[in-house]
Amino acid sequence: MEISRRADYAMRVILDLAMLPPGMRARARDIARRQAIPYAFLQKIIRDLCAAGFVEASRGRRGGVRLARPAESITLLEVLEAMEGPIRLNRCSREPHLCPRYSFCAIHPIWAQAQAYLERLLGSTTFAQVAERGRQIRAAQARNGASAPSVPALRSPISTP
């Protein structure tokens with residue numbers, strides 16, 4: 001399973017906006033530069049994020065893009081599924097009734113457990129949490145002169161399997 005470039009860029013856009021002060025707008029060109037996203041592709045992603053209700057965009061001199069909801073209420077799972085559709089490690093993990101091997105497959109429970117864990121992790125991680133980690137990384141880089149910072153990983157509310 002690999003997340004598409006489109007979904008990865010969408011995550012970067014939401015994170016970029018989540019790191020701004022609440023209600024503040026950013027110009028698409030600035031987001032494109034900060035996140036290393038081709039501007040033409042970014043415009044399409046912003047349109048998709050607007051349609052999904054994650055961002056608001058306005059034109060004009062005082063225009064720009066901003067979050068449509070607080071970063072605390074937007075999860076990684078929501079954005080990923082808006083860009084990619086429902087996550088599924090394989091077909092039988094989402095639709096076991098369609099698998100002729102389901103009743104005797106020894107691997108199915110492992111796929112199902114991995115699927116459930118991934119959904120819980122992404123569904124319980126908000127962009128506010130990720131933005132806070134981004135701020136910690138920036139602060140550590142400023143202290144260390146842009147070298148690789150030592151920043152703790154996000155604390156997951158889920159115990160690892």
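A salt bridge is counted here when a side-chain nitrogen of Lys or Arg lies within 4 Å of a carboxyl oxygen of Asp or Glu. One such contact joins the side chains of Glu-56 and Arg-66, with N and O 3.0 Å apart. The structure is a predicted model, in which local features need pLDDT of at least 70 and side-chain atom pairs count only at pLDDT 80 or more, while totals for chains, interfaces and linings use all residues. Residues are numbered from 1 along each chain as its sequence is written, and side-chain values use heavy atoms, with hydrogens and water left out.

The overall layout comes next. The secondary structure consists of seven helices and two strands (DSSP runs numbered from the N terminus, with helices being H or I of at least four residues and strands being E of at least two). Along the sequence, these elements follow the pattern α-α-α-β-β-α-α-α-α. The chain has 161 residues, of which 34% count as buried (buried means under 20% relative accessible area, exposed over 50%, and partly exposed in between, with a 1.4 Å probe and protein chains only).

Back to the salt bridges: a search of the whole structure finds seven of them. The contact between Glu-56 and Arg-66 was introduced above, with its N to O distance of 3.0 Å. This pair links distant parts of the chain, since Glu-56 sits in strand β1 and Arg-66 in strand β2, 10 residues apart. Glu-56 counts as partly exposed because its relative accessibility is 34%, and Arg-66 is also partly exposed, at 27%.

A second pair is formed by the side chains of Asp-16 and Arg-34, which meet at 2.6 Å from N to O. Here, too, distant parts of the chain are linked: Asp-16 belongs to helix α1 and Arg-34 to helix α2, 18 residues apart. Asp-16 has a relative accessibility of 4%, so this residue counts as buried. Arg-34, with a relative accessible area of 36%, is partly exposed. In a further salt bridge, Glu-78 pairs with Arg-69, and the closest N and O atoms are 3.0 Å apart. Glu-78 is partly exposed at 30%, and Arg-69 is partly exposed at 26%.

Helix α3 gives a good view of how one helix can have two sides. Its 13 residues should span 18 Å at 1.5 Å a residue, and the end C-alpha atoms are indeed 18 Å apart, so the two values agree (the expected span is 1.5 Å times one less than the number of residues). Which residues of α3 are buried? They are Leu-42, Ile-45, Ile-46 and Leu-49. These residues lie on the same side of α3 because they cover an arc of only 105 degrees around the axis (the arc is that of the directions from the helix axis to the C-beta atoms). On the face turned away from this buried side, α3 carries the exposed residues Ala-40, Arg-47 and Ala-51.

Just before this helix, the loop between α2 and α3 holds Ala-36. Ala-36 has a positive phi of about 55 degrees, although it is not a glycine. With a relative accessibility of 56%, Ala-36 counts as exposed.

The pockets complete the picture. A pocket is an open set of points on a 1 Å grid over the protein atoms alone, where a 1.4 Å probe fits and protein lies on both sides within 12 Å along at least five of seven lines; lining residues have an atom within 4 Å of a point. Grid points are joined across faces, edges and corners, and a volume is the space filled by probe spheres set on the points. The largest pocket has a volume of about 440 Å³. It is lined by 15 residues, and the closest to its centre are Ala-28, Tyr-39, Ala-57, Ser-58 and Arg-59. At least two lining residues come from each of α2 (28–35), α3 (39–51), β1 (55–58) and β2 (64–67), with α3 giving the largest share, four residues. The lining divides into five nonpolar, five polar and five charged residues (Ala, Val, Leu, Ile, Met, Phe, Trp, Tyr, Cys and Pro count as nonpolar, Asp, Glu, Lys and Arg as charged, and the others, Gly among them, as polar).

The second largest pocket holds about 280 Å³ of space. Of its 17 lining residues, Ala-18, Leu-20, Pro-22, Leu-67 and Ala-71 are the closest to the centre. The elements α1 (5–18), β2 and α7 (127–144) give two or more residues each. The lining of the second largest pocket has 12 nonpolar residues, one polar and four charged.
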